[in-house]
Amino acid sequence: MSVRREPLRVGVLASGRGSNLQAILDASRSSGYPARVVVVISDRETAAALARARAAGVEALFLDPKQDGDREAFDRRIVQTLQARGVELVCNAGYMRILSPVFVRAFAGRAINVHPSLLPAFPGLHAQRQALAAGVKIAGVTVHFVDEGIDTGAIVAQAGVPVLDDDTEESLAARILVEEHRLYPEVVRWIAEGRVSVDGRRVRVR
Ligand code: GRF
């Protein structure tokens, strides 16, 4: 007899548009998807991500960083909020704050991020602009575990897209985004299915 576990409880941190959140919400509506978003937290009250969560019937919380003395205190509040809801995996989806060790330690190996470049190339802000400036011919997306650096955690999956001669930052970003929306929910599925193992920097997917 196969043992069917409850869907993995996912919390999403998002600061803006929330299109990657939407991709995960959409995936989790399909039958048999092994994860569900139980809470979305934003550091910006007007983030479209919060509206998307509410529209999907998911708890949407604005936590105001100004209420806390420092980054650690804010992250402690985030960790408590996630833990109180039994969150097992945290997905950063356009979350624009640097996570402190308080968060990273609490969710070590249980927090992932999506970044619009083929890391370790072009971490940080404006990854697509950096790719165009460097003249690379292949750009793409990386899903990686969160560690204490900026976009430095162990890489789970990547997908490449071509850089075209007439690309602008916007056209390249749009091409990469299609792959983000495909790959991010897929990685969440692999983790939920228990198929991902980490050995130092090497992440293996069965
Ligand atoms: C995406 O390009 C993601 O890779 C990056 O920030 C952007 C967020 O977009 N970290 P959205 O809020 O998911 O639409």
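Here is a friendly conversation about this predicted model.

Colleague: Let's start with the largest pocket. What is its volume, and which residues are the closest to its centre?

Modeller: The volume of the largest pocket comes to about 1,000 Å³. Its lining is made up of 36 residues. Of these, the closest to the centre are G94, Y95, M96, P116 and L125.

Colleague: Which helix gives the largest share of that lining?

Modeller: Several elements take part, since α1 (19-29), β5, α5 and α6 each supply at least two residues of the lining. By type, the lining residues divide into 14 nonpolar, 14 polar and 8 charged. The largest share is 6 residues, and the helix that supplies them is α6.

Colleague: How far apart are the end C-alpha atoms of α6?

Modeller: Helix α6 covers residues 169-192, which makes 24 residues. At 1.5 Å a residue, the helix should span 34 Å. The computed distance agrees with that, as the end C-alpha atoms are 33 Å apart.

Colleague: Which glycines take a positive phi just after α6 and just after α2?

Modeller: Just after α6, phi is about 70° at G194. Just after α2, phi is positive too, at about 75°, and the residue there is G57.

Colleague: Staying with α2, on how wide an arc do its buried residues A49, L50 and A53 lie?

Modeller: Helix α2 runs over residues 48-55, and A49, L50 and A53 are buried in it. They are on the same side of α2, because the arc they cover around the axis is only 100°.

Colleague: And what covers those buried residues of α2?

Modeller: The cover includes a helix and two strands. They are α1, β2 (35-42) and β3 (59-62).

Colleague: Now T81: is this residue buried or exposed, and which residues does T81 touch?

Modeller: T81 sits in helix α3, residues 71-84. Its relative accessible area is 12%, and under 20% counts as buried, so T81 is buried. Leaving out residues up to four places away in sequence, the residues that T81 touches are I41, L61 and L63.

Colleague: Where is the cis peptide bond that involves P120?

Modeller: P120 belongs to the loop between β5 (111-115) and α5 (127-134). Omega is near 15° for the cis bond, which runs from L119 to P120.

Colleague: What is the phi of F122, and is F122 buried or exposed?

Modeller: F122 is in the loop between β5 and α5. Its phi is positive although the residue is not a glycine, with a value near 60°. The relative accessible area of F122 is 18%, under the 20% cut-off, so F122 is buried.

Colleague: Where does D151 lie, and is D151 buried or exposed?

Modeller: D151 lies in the loop between β6 (138-145) and β7 (155-162). Like other residues with a phi near 60°, it has a positive value, and D151 is not a glycine. With a relative accessible area of 15%, which is under 20%, D151 is buried.

Colleague: Finally, how far apart in space are G124 and I150, and which residues does G124 touch?

Modeller: G124 is in the loop between β5 and α5, and G124 is partly exposed, with a relative accessible area of 27%. Although G124 and I150 are 26 residues apart in sequence, their C-alpha atoms are 6.3 Å apart in space. Not counting residues up to four places away in sequence, G124 touches H115, Q130, I150 and D151.

Technical notes: Residues are numbered from 1 along each chain as its sequence is written. This is a predicted model: local features need pLDDT of at least 70, side-chain atom pairs count only at pLDDT 80 or more; totals for chains, interfaces and linings use all residues. Side-chain values use heavy atoms; hydrogens and water are left out. Helices (H or I, at least four residues) and strands (E, at least two) are DSSP runs, numbered from the N terminus. The expected span of a helix is 1.5 Å times one less than its number of residues. Buried means under 20% relative accessible area, exposed over 50%, partly exposed in between (1.4 Å probe, protein chains only). On a 1 Å grid over the protein atoms alone, a cavity is a set of points where a 1.4 Å probe fits but cannot get out, and a pocket is an open set with protein on both sides within 12 Å along at least five of seven lines; lining residues have an atom within 4 Å of a point. Grid points are joined across faces, edges and corners, and a volume is the space filled by probe spheres set on the points. Ala, Val, Leu, Ile, Met, Phe, Trp, Tyr, Cys and Pro count as nonpolar, Asp, Glu, Lys and Arg as charged, and the others, Gly among them, as polar. Contact means heavy atoms within 4.5 Å. The arc is that of the directions from the helix axis to the C-beta atoms.
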